[in-house]
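Visitor: Got a minute to walk me through this one? I'd like to start with what sits inside and then move outwards.

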Amino acid sequence: MALTTVRVPKPLKKKLAKKTPEMQGAIITCLRQLREDWRHPSLNSSKLGGTNIYHAKVSRGNRVTFFWKDGCIVIENHCHHDILKGYK
């Protein structure tokens, strides 16, 4: 199975650099899993209602949001799970 390209925009890289080492590790693990299989059950990936944006589980209370562009996954944000409630 081919690996999917995952792009992380520069502003988000700067934001991620400010996270705790534990959270950085969890996000990196999530991004690697997205690259290998974005539908893997551990990610609990799903589309946010009424949008072209998806989310994947980083940890119990944290998610990354992403969208597809030209066959690549583009990471949009890292946020707390409660922020996504407005999309559903």
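**Inside first, then the surface**

Guide: Sure. The largest nonpolar core has 17 residues, and those with the most contacts inside it are Ile27, Cys30, Leu34, Ala56, Val64, Phe66 and Ile75.

Visitor: Which elements give two or more residues to this core?

Guide: Those are H1, H2, strand E3 (54–59), strand E4 (62–69) and strand E5 (72–80). H2 provides the largest share, five residues.

Visitor: And is this an experimental structure or a model?

Guide: This is a predicted model.

Visitor: Okay. How many helices and strands does the protein have?

Guide: Two helices and five strands. Going from the N terminus, the order is β-α-α-β-β-β-β.

Visitor: What percentage of the residues is buried?

Guide: Buried residues make up 35% of the 88 in the protein.

Visitor: Let's go to the N-terminal end. Where is Val6 found?

Guide: Val6 belongs to strand E1, which covers residues 6–7.

Visitor: How far is Val6 from Leu31, in sequence and in space?

Guide: They are 25 residues apart in sequence, and their C-alpha atoms are 7.3 Å apart.

Visitor: Why does Val6 count as partly exposed rather than buried?

Guide: Its relative accessible area is 22%, and buried means under 20%, so Val6 ends up as partly exposed.

Visitor: New topic: charge. Which residues gather in the patch of positive charge on the surface?

Guide: Four lysines do: Lys10, Lys13, Lys14 and Lys18.

Visitor: What's the place of Lys18?

Guide: Lys18 is in the loop between helix H1 (10–17) and helix H2 (21–37). With 76% relative accessibility, Lys18 counts as exposed.

Visitor: Now backbone angles. What is phi of Asn44?

Guide: Near 50°, so a positive value in a residue that is not glycine. Most residues other than glycine have a negative phi.

Visitor: Where does Asn44 sit, and what is its relative accessible area?

Guide: Asn44 is in the loop between H2 and strand E2 (46–47). Its relative accessible area is 48%, which makes Asn44 partly exposed.

Visitor: What about Asp70, which phi does it have?

Guide: Asp70 has a positive phi too, of about 55°, although it is not a glycine. Asp70 lies in the loop between E4 and E5.

Visitor: Is Asp70 buried or exposed, and why?

Guide: Exposed, because the relative accessible area of Asp70 is 70% and the cut-off for exposed is over 50%.

Key:
Residues numbered from 1 in each chain as written. Predicted model: local features only at pLDDT ≥ 70, side-chain atom pairs only at ≥ 80, totals over all residues. Heavy atoms only, no water. Patch = residues over 30% accessible without salt bridge, like charges linked within 9 Å, V, L, I, M, F, W, Y side chains within 5 Å. Areas by Shrake-Rupley, 256 points an atom, 1.4 Å probe, with all protein chains shown as cover. Salt bridge = Lys/Arg side-chain N within 4 Å of Asp/Glu carboxyl O. Lys, Arg positive; Asp, Glu negative; His and termini not counted. Charge placed at Lys NZ, Arg CZ, Asp CG, Glu CD. Helix = DSSP H or I, 4+ residues; strand = E, 2+ residues; numbered from the N terminus. Buried < 20%, exposed > 50% of the residue type's maximum accessible area, 1.4 Å probe, protein only. Core = buried A, V, L, I, M, F, W, Y, C linked by side-chain atoms within 4.5 Å.
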